[in-house]
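This briefing gathers what can be said about aromatic pairs, buried residues and helix packing in one structure. Please keep the sequence and the model at hand while reading.

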Amino acid sequence: MSKHTLYRRYPNKAALLEAVVGRDVGRFREALLTAAVGEEEEGALGALRRAAFRYVEIGSSRDYAAFYLSVSAEAAVSAALRERLASWSRDALEPLVGFVATAQGSGELRAGDPISVCGILIDLLEGVNNRLRLADDAAADAPSPLRLFDERWTVFTAAFGGS
């Protein structure tokens, strides 16, 4: 596709970025919601765990990271893009915030601001993503995504486990 063709559909770089990220946020949200579906006896915490692991599966992709890290780098020097990025992030993470609130409501997680609790979970998960993106996949001691996730999930549930 040529640059001319792109700009016939999107008048500028910001409009193109809005379309691409808007599409990705929708796909991301759907992936989290779909991943959360499971056995009812696993409860709300089980749904949160499945969605959180899906977050790792998506976020550890090097292609995904390359795009969003470049957008983040640009946002560091653009207040308008920084504001937009914060909005996209809130929209993308809304399902996880909802799963946290549901788990709190069922007593499986301690009460507190679900957005803050979700933010701490995301900080833990981003540690997994960074380790996986920087790992040598061919190395015999390459980290297992599930092992790294389980270590952080254990920390999260120890800190925020039921009331």
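Rings of Phe, Tyr and Trp, the last taken by its six-membered ring, count as a pair if their centres lie within 6.5 Å, and planes under 30 degrees apart are called stacked, those over 60 edge-to-face and the rest tilted. By this rule the structure, which is a predicted model, holds 8 aromatic pairs. The points below take up two of these pairs, a cluster of rings, and the helices in which the residues lie.

**Aromatic pairs and a ring cluster**

- Phenylalanine 28 and tyrosine 55 form an edge-to-face pair, with 5.8 Å from centre to centre and 75° between the planes.
- This pair links distant parts of the chain, since phenylalanine 28 belongs to helix H2 (residues 13-36) and tyrosine 55 to helix H3 (residues 43-59), the two being 27 residues apart.
- Both partners, phenylalanine 28 and tyrosine 55, are buried.
- The ring centres of phenylalanine 156 and phenylalanine 160 are 5.3 Å apart and their planes stand at 40°, so this pair counts as tilted.
- Phenylalanine 156 and phenylalanine 160 both lie in helix H7 (residues 145-160), where a spacing of 4 residues corresponds to about one turn of the helix, and both are buried.
- Ring pairs also join Phe28, Tyr55, Tyr64, Phe67 and Tyr68 into a cluster.

**Helix H2 and aspartate 24**

- The 24 residues of H2 should span 34 Å at 1.5 Å a residue, and this agrees with the computed separation of its end C-alpha atoms, which are 34 Å apart.
- The buried residues of H2 are Leu17, Val21, Asp24, Val25, Phe28, Ala31, Leu32, Ala35 and Ala36, and what covers them includes H3, helix H4 (62-75) and helix H5 (79-105).
- Aspartate 24, which lies in H2, has a relative accessibility of 18% and therefore counts as buried, the cut-off being under 20%.
- The side chain of aspartate 24 makes a polar contact of 3.0 Å with the side chain of tyrosine 68.
- Leaving aside residues up to four places away in sequence, aspartate 24 touches Phe67 and Tyr68, and both of these residues belong to the ring cluster described above.

**Helix H7 and its two sides**

- For the 16 residues of H7, a rise of 1.5 Å a residue gives an expected span of 22 Å, and the end C-alpha atoms are 22 Å apart, in agreement with it.
- Leu148, Phe149, Arg152, Trp153, Phe156 and Phe160 are buried in H7; these residues cover an arc of only 130° around the axis, which means that they lie on the same side of H7.
- The face of H7 turned away from this buried side carries the exposed residues Thr154 and Ala158.
- What covers the buried residues of H7 includes H3 and helix H6 (114-134).

**Leucine 121 in helix H6**

- Leucine 121 lies in helix H6 and is buried, with a relative accessible area of 1%.
- Not counting residues up to four places away in sequence, leucine 121 touches Leu48, Ala52, Trp153 and Phe156; among these, Trp153 and Phe156 are buried residues of H7.
- From C-alpha to C-alpha, leucine 121 and valine 97 are 10.0 Å apart in space, and they are 24 residues apart in sequence.

Key
Residues numbered from 1 in each chain as written. Predicted model: local features only at pLDDT ≥ 70, side-chain atom pairs only at ≥ 80, totals over all residues. Heavy atoms only, no water. Buried < 20%, exposed > 50% of the residue type's maximum accessible area, 1.4 Å probe, protein only. Polar contact = N/O pair within 3.5 Å; in protein donor to acceptor, adjacent residues only side chain to side chain. Contact = heavy atoms within 4.5 Å. Expected span 1.5 Å × (residues − 1). Arc of directions from axis to C-beta.
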